[in-house]
Amino acid sequence: MHDDRSLVEARLKRVLDERIRPAVYPESVPLEVAVWHAPGEPVPVAEGLAAEPEPIEVGARWGSPWGTSWFRVTGTVPEAWAGKTVEALLDLGFDENMPGFQCEGLVYRPDGTPVKGLNPRNQWVRIGAPAAGGEQVRLHIEAASNPVILDYHPFLPTQLGDKETAGSEPQYRLARMDLAVLDEDVWQLAIDLEVLGELMAELPVESARRWEILRAVEKALDAVDLQDVGGTAARARERLADVLAAPAVPSAHRISAVGHAHIDSAWLWPLRETVRKVARTTSNMTALIEDEPDFVFAMSQAQQWAWVKEHRPEVWARVKKAVADGRFVPAGGMWVESDTNMPGSEAMARQFVHGKRFFLDEFGIENDEAWLPDTFGFAAGLPQIIKAAGSKWLLTQKISWSRTNRFPHHTFQWEGIDGTRIFTHFPPVDTYNCSMKGSEIAHAARNFKDKGAARHSLAPTGWGDGGGGTTREMVAKAARLRSLEGSATVTWETPAEFFAKAEAEYPDPPVWVGELYLELHRATLTSQAKTKQGNRRSEHLLREAELWAATAAVRTGFPYPYEELDRIWKTVLLHQFHDILPGSSIAWVHREARATYERLAGELNAIIEAAQRALAGEGETEFVFNAAPHTRDGVPAGGARTPVAEGRTARTARQGGGFVLDNGLLRVEIDAQGLVVSAYDIEADRETVAPGRAAGLLQLHPDFPNMWDAWDVDEFYRNTVTDLTEADEVTPGDDEGSVRIVRSFGASRVTQVLSLAPGERLLLLDTEVDWHETEKFLKLAFPLDLHAERYASETQFGHFFRATHTNTSWEAAKFEACNHRFVHLQEPGWGVAVVNDSTYGHDVTRTVRTDGDRGTTTTVRVSLLRAPRFPDPETDQGVHRFQHALVPGAGIGDAVREGWRINLPERSVSGAREVAPLVTVDREAVVITAVKLADDGSGDVVVRLHEAHGGRVRATLAADFEVADVTATDLLERPLPEALSCDGARVALRLRPFELVTLRLRRAPVH
């Protein structure tokens, strides 16, 4: 037989594009359209429905950036269409290549009942099947003219990312607004041919199955009368029946399709628009569930569910019914799909507490999986947190975006810093917006790295980010792929059903130990510094508020602010979403975030001050409240006392210019240019600064990544560096132990104050930057005379080690990494810590000594500021303040302690009495991360703690109040079966390295 394959394939494409798809709607009549443009922000539904619109023609421009327009469409079903399937085709001016990044709409009936969302790939509304001739049609569309931020030429700076700068130019042109007859035979034929054509393209040219499909397609095309597609569609479908009925081979890969609509809680749109995106999508998905009996949809992020409940009660009623039917599935058990690198220990725990509790309270559903398809890498402390929340599985897809190394597994056990293992799956389809294309299904089967040992994978299926979720076309394709020779099989299943099957078939999967590092989007650890500072400070203010309010409630009857703390926690957790905290959202989002953090700080400070006043009482004695988990200056952790002052610091002139600071523990030399050329540990007789180098050095790099400006920093940024060594001023500081340095560069100015406090073995660096650079990267360098092959970075409930060398491509790819409050390096018996109050990104490198001696030195560089222009062209412009400290001679315990200290400064309160800690622990390696009252309002005291040094420890927790009993609990404060050894108010603990423990202490009745 002659090879006519390419001829038939080209014929299929043209006939589908030019004859069959256009024949899906063979008859249409125009609708009458009128519009009312809402002034300002979106209005309530009732107001939009009641507004009086003005006529508008198809082709007219509409929609200023971020505006809302209410369209009213009216018409009459022609008598000749009686008994046919009739749909309204409502095209607001969509670009079908941008689902989720365009204008969107939600369709209502005149009584305010939501019908479904309108999106670029989902523009139809069913009127009748069958339709009644003469039926009057009246629909209302709440249309959002969200501007296109990420266009065909991506990453171009734009002012459209904030309504304050976006202007008023109309963004869209109204397209088709018709009533039309749907020819279901033609629609089904189009799906048949799409599925077979896409499958055929993925099969080997030499395979018999490919040629069998080709011949069937050819016969079907022969059966189509191109002038009467509707009349011949059924006949053409008959020619395809046999090849569509051929079942999949027994060894076929098995795909669990989960209806999905990944919706970023804020990104290229503000939070208020996400509320509406979720309403549109949930309306779509509940409607699709009613039409498609096999379809299952899963939605994560309890915050988005809460938005529907609060803002769209009519949609919420439909959602609740679909959940009760088991078809609309709460997934993930987190408040939002958060970043997991930067949130602190308690915040990461509370993501699961608030997320899981919402689904339990609303639906009685326990989530066993964490669902984070789009998060930018995963911290090594996360497995323990997932398990402590009562979950056991994790799904993500994002690691497939890594640019250097291909991850070796798709299904595996992920082991965290404490040894906890979580069964984890990366969908090999390599997208969280699967559309059931044959190329996607074939890629999943070919790509799956665990073949031979396992055969199940998951495919999140649907358009995300306001694209409307799963479409009826995807469902129709999945039906044909349920068992089709040559293809993987596809079955609609819930995440729990998938994980149960995957775990059962793969009882001994491979193990990956440590962080899941994304080799991309490294700059998200630095972009939008004020958002990151707002997060860090909110986390610590929440710790203080809970600690002092709980202490005051137990001691004085202070009213514990349950509702306020719950609301504030949820707000902080929302802003940890993986495009807000990472700094990759539009200007509007970060402008609002800054205002939100400022408001929350005011509320939390008010709670803290009220509780401390209640504890201290009325008096004139000054007491210092210490919220950190370690005693400092004689003030116990979680208590208040008059501090003990120790020693003094001498500041003298340095030969050659500059100053020397000396407190008997450290001697720090600052040269005439304001650079730290020596930090000498007197007791250890050891120099900290690498020979010939200077610490506290600001370095400026060009920063223009190849893509994803706010997200990425590419390694070539290091090729060019400017050391900011010239000083405008080097003068004594306001305090006896400080030096002030001023530098100018570009259009920016830096003021640093270097301080050596009495009795402390640390050099504090206060840095204020008035930043007005563009596409630059500012680093703060600490070259250390220390040989280290690895270093520790703090992460949730412990720390994690990374290599300082680049022996392998995996190590080399980690050229920018995340830490929380500290990084720590050491040789046996002596180490150095660099601690911070609000930065996350850093790099650590090694170099050969410059003094002729053998050996290497190690440089820690803190990432301070960037200046990308997309998606926020004014990123980080303005004044920023940072605190860092260099801690010579530090062990890991010193790093932990000083990291807490710099983030939780003491508070002075005048009063009449000292405050004893509510609870204490007798080992410094055990850190109490939270003291609070139980969420159920019982008055029980909840204490969360962990081993922080990386070793095993025995410790005793003691409560300074009458305790009836103590229970070990999960993060949701539910009892665990572990037995505790208690002696009244004392609890004996045996902790493994980095082990996390939550204790619930029931207070004895007061007689």
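How many cavities of 30 Å³ or more does the structure hold? The structure, which is a predicted model, holds 11 of them, and the views below take up two of these cavities, together with a pocket and two open sheets.

**View 1. The largest cavity, with a volume of about 210 Å³.** Of the 19 residues that line this cavity, those closest to its centre are S345, E346, E539, R821 and W900. Three elements, α9 (345–363), α14 (529–556) and β47 (926–933), each supply at least two residues of the lining of the largest cavity, and among the contributors α14 gives the most, with six residues. When the lining of the largest cavity is sorted by class, seven residues are nonpolar, five are polar and seven are charged.

**View 2. The second largest cavity, with a volume of about 130 Å³.** The lining of the second largest cavity is made up of 18 residues, and N341, F376, Y517, L518 and L525 are the closest to the centre. By class, the lining of the second largest cavity comprises 10 nonpolar, four polar and four charged residues.

**View 3. The largest pocket, with a volume of about 1,200 Å³.** Which residues are the closest to the centre of the largest pocket? They are R21, E96, R121, E194 and E473, out of the 34 residues that line the largest pocket. The elements that give two or more residues to the lining of this pocket are β6 (86–90), α3 (184–202), α11 (438–447) and α12 (472–480), and α3 gives the most to that lining, with nine residues. In terms of residue class, the lining of the largest pocket divides into 15 nonpolar, seven polar and 12 charged residues.

**View 4. An open sheet of six strands, with antiparallel pairing.** The strands of this sheet follow the order β31-β30-β36-β43-β42-β39. Because β31 (722–723) and β39 (817–818) stand at the edges and each has a single partner strand, one side of each is left without a neighbour in the sheet. Within the sheet, strand β36 (residues 776–784) pairs with strand β43 (residues 856–866) in the antiparallel sense over eight bridges, and in this pairing L778 stands opposite L865 in β43.

**View 5. An open sheet of four strands, again with antiparallel pairing, and the helix α14 that packs on this four-stranded sheet.** The order of the four strands is β47-β48-β53-β50, with β47 and β50 (963–969) as the edge strands, each of which pairs on one side only. From one strand to the next, the twist of this sheet averages 20 degrees. Strand β48 (residues 941–947) and strand β53 (residues 996–1003) run antiparallel and are joined by six bridges, with V942 standing opposite R1000 in β53. The helix α14 packs on the sheet and touches β47, β48 and β53, while its direction makes about 60 degrees with that of β47. This view therefore connects with View 1, as α14 and β47 each supply at least two residues of the lining of the largest cavity.

How values were computed: Residues numbered from 1 in each chain as written. Predicted model: local features only at pLDDT ≥ 70, side-chain atom pairs only at ≥ 80, totals over all residues. Heavy atoms only, no water. 1 Å grid on protein atoms, 1.4 Å probe; cavity = no way out; pocket = protein on both sides within 12 Å on 5 of 7 lines; lining within 4 Å. Points joined across faces, edges and corners; volume = space filled by probe spheres on them. Nonpolar A, V, L, I, M, F, W, Y, C, P; charged D, E, K, R; others polar. Pairing = 2+ DSSP bridges. Axes fitted to C-alpha atoms, helices over the stretch in contact; angles between N-to-C directions. Contact = heavy atoms within 4.5 Å.
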